[in-house]
Amino acid sequence: LWAADIGRFDAAGYSLLRTVFTEHMHVFLEERARKTLLLFIVRDHDDGSSPAIIKRLLTEDVKKLWDEAEKPMEYAGAAVEESFDLDVVTLPHIKFKKEDFDAEVRKLQSRFVDPGSPHGYLFKPAYTKAVPGWALGTYAEVLWGDIAKQGPRGFGSSALSTKDLQASYLCDRAFNDERVRADRVLARWRADADSGRVTPNLGQQAEALLAQARASFDSRTSAFPKAIERDTKRRELMSWIEETVRGVFEKEMTHLQNEALQRLREGLTRSLRQTSSPRIPDNERSKILTDAKSWFTQRSESLSVESLGLVNRAATREVNSVLDMFSAQFHESPAAQMHAIRQIRRQAQRKPRRVKTVIPGVTLTAAIRPGGFGNFQAIAGYSDGPHAVNVSVCNDADAAEQEGQGQVPFFRFQPSLNFDIDL
């Protein structure tokens, strides 16, 4: 089994091991002193943990499966160590530690073929269940007698009939065939989920797989409509498929939730970089949030398996709540705050924009020149923006006339219009 599957009931094949325990206890009632070796080969053990930890985990799982197995009276209270020896071999990753992997495989090979292997020969005489050829017929008669005497498990205490045996065999075979057929599809879905991909139209494909497996199993076992084994195997088959689909659904729904949050984060970050203001406008932020929610709703609907109650409503409510919270708090994030600081600093360093202006102004100038020889002069002025008033008084009229300037007017008024132009 794979190291990552330890503890996972279906992936690690624990159901098969529990069945082995049940059959072992019913077949070897008289041979409890002769133990059987359980060898676990763990692939891709490269997480740094010691083989002793792996063996301890597997031992705990084995004891739990043993306790859950159906036991005859002869095995009541018996511990798994009384019937089985547990051995664990760990192999590193074949791709990333190729040389170490090959070396460990050679060691394991020697344990199968070399009785003197220093790593421990596996086929010890204490484990053999070999039956001599001359005793094979007797052994088969005794084994069949035990089965007939105990009654087949799943048929209660009633006597075993040929039809019962045939029903048990055909139902078990149909179960195994349908499980193998379904697992080819489920393996691809599990690989998609484990690698972070989303299976296209998982819901429709799962509904079709469930219907096909149920119809095929019922068709192949239709000759035994009242057999208890038929109902048991059908429930076991459908339960296994449903649980596997449920696990894939939950993983892929989680992938979609994470991707929706990532899309919202990238959209807000991209919008923040494109805006010249310290914050994203509310209408733009709302649009990005709505797009992320719509994307998740559309993608998650294709995962829903209605017959199993696997729908996207709860996941949609959960992801919408997370998206709303993230969107509302995005401006408080370090990235948004750094952007705001850069924008404010850029605006502070930017030169003020030059404004082109044309400002008109009116200036009124008045002069009062009474008679005299210029021994009195006074000037007064007032301005308001582009407008001004200037008044001067000078008693120089007599002096000007003597100099030949002619008659000087007592009062002179001169308006002027000016323009202040900045281009």
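Which residues do ring pairs link into a cluster? They are Phe21, Trp66 and Phe84. The notes below start from the chain as a whole and come back to these rings. The model is a predicted one.

1. Overall make-up. The chain has 11 helices and six strands. Of its 423 residues, 32% are buried. The accessible surface comes to about 26,400 Å², and carbon and sulfur atoms account for 54% of that area.

2. Contacts along the chain. Take the contacts between residues at least 6 apart in sequence: 74% of them join residues at least 24 apart.

3. The largest nonpolar core. This core holds 42 residues, and Trp189, Ile241, Val245 and Phe296 have the most contacts inside it. Five elements give two or more residues to the core: α5 (162-194), α6 (202-220), α7 (228-274), α8 (282-301) and α9 (313-328). The most comes from α7, which gives 14 residues.

4. Phe296 and its contacts. Leaving aside residues up to four places away in sequence, Phe296 touches Met253, Leu256, Gln257, Ala260, Ala315, Thr316 and Val319. In the model, Phe296 is one of the residues with the most contacts inside the largest nonpolar core.

5. A second core. Another core, of 19 residues, lies apart from the one just described. Its members include Tyr14, Leu17, Phe40 and Val88.

6. Aromatic pairs. There are five aromatic pairs in the structure. One of them joins Trp66 and Phe84 edge-to-face, with 6.0 Å from centre to centre and 75° between the planes. Trp66 belongs to helix α2 (residues 51-68) and Phe84 to strand β2 (residues 84-90), so the pair links distant parts of the chain, 18 residues apart. Trp66 and Phe84 are both buried.

7. A further edge-to-face pair. Why is the pair of Tyr121 and Phe123 edge-to-face? The ring centres of Tyr121 and Phe123 are 6.1 Å apart and the planes are at 75°. Planes over 60 degrees apart count as edge-to-face, so the pair falls in that class.

8. A charge over a ring. The ring of Phe175 has the charged end of Lys233 over it, at 4.7 Å from the ring centre.

9. Back to the opening question. Phe21, Trp66 and Phe84 form a cluster through ring pairs. The edge-to-face pair of Trp66 and Phe84 described above is a good place to start when looking for the cluster in the structure.

Definitions and conventions: Residues are numbered from 1 along each chain as its sequence is written. This is a predicted model: local features need pLDDT of at least 70, side-chain atom pairs count only at pLDDT 80 or more; totals for chains, interfaces and linings use all residues. Side-chain values use heavy atoms; hydrogens and water are left out. A nonpolar core is a set of buried Ala, Val, Leu, Ile, Met, Phe, Trp, Tyr and Cys residues joined through side-chain atoms within 4.5 Å. Buried means under 20% relative accessible area, exposed over 50%, partly exposed in between (1.4 Å probe, protein chains only). Helices (H or I, at least four residues) and strands (E, at least two) are DSSP runs, numbered from the N terminus. Contact means heavy atoms within 4.5 Å. Accessible areas come from the Shrake-Rupley method with a 1.4 Å probe; for residues, only the protein chains shown count as cover. Rings of Phe, Tyr and Trp (its six-membered ring) pair if their centres lie within 6.5 Å; planes under 30 degrees apart count as stacked, over 60 as edge-to-face and the rest as tilted. A charge sits over a ring if NZ of Lys or CZ of Arg is within 6 Å of the ring centre and within 35 degrees of the ring normal.
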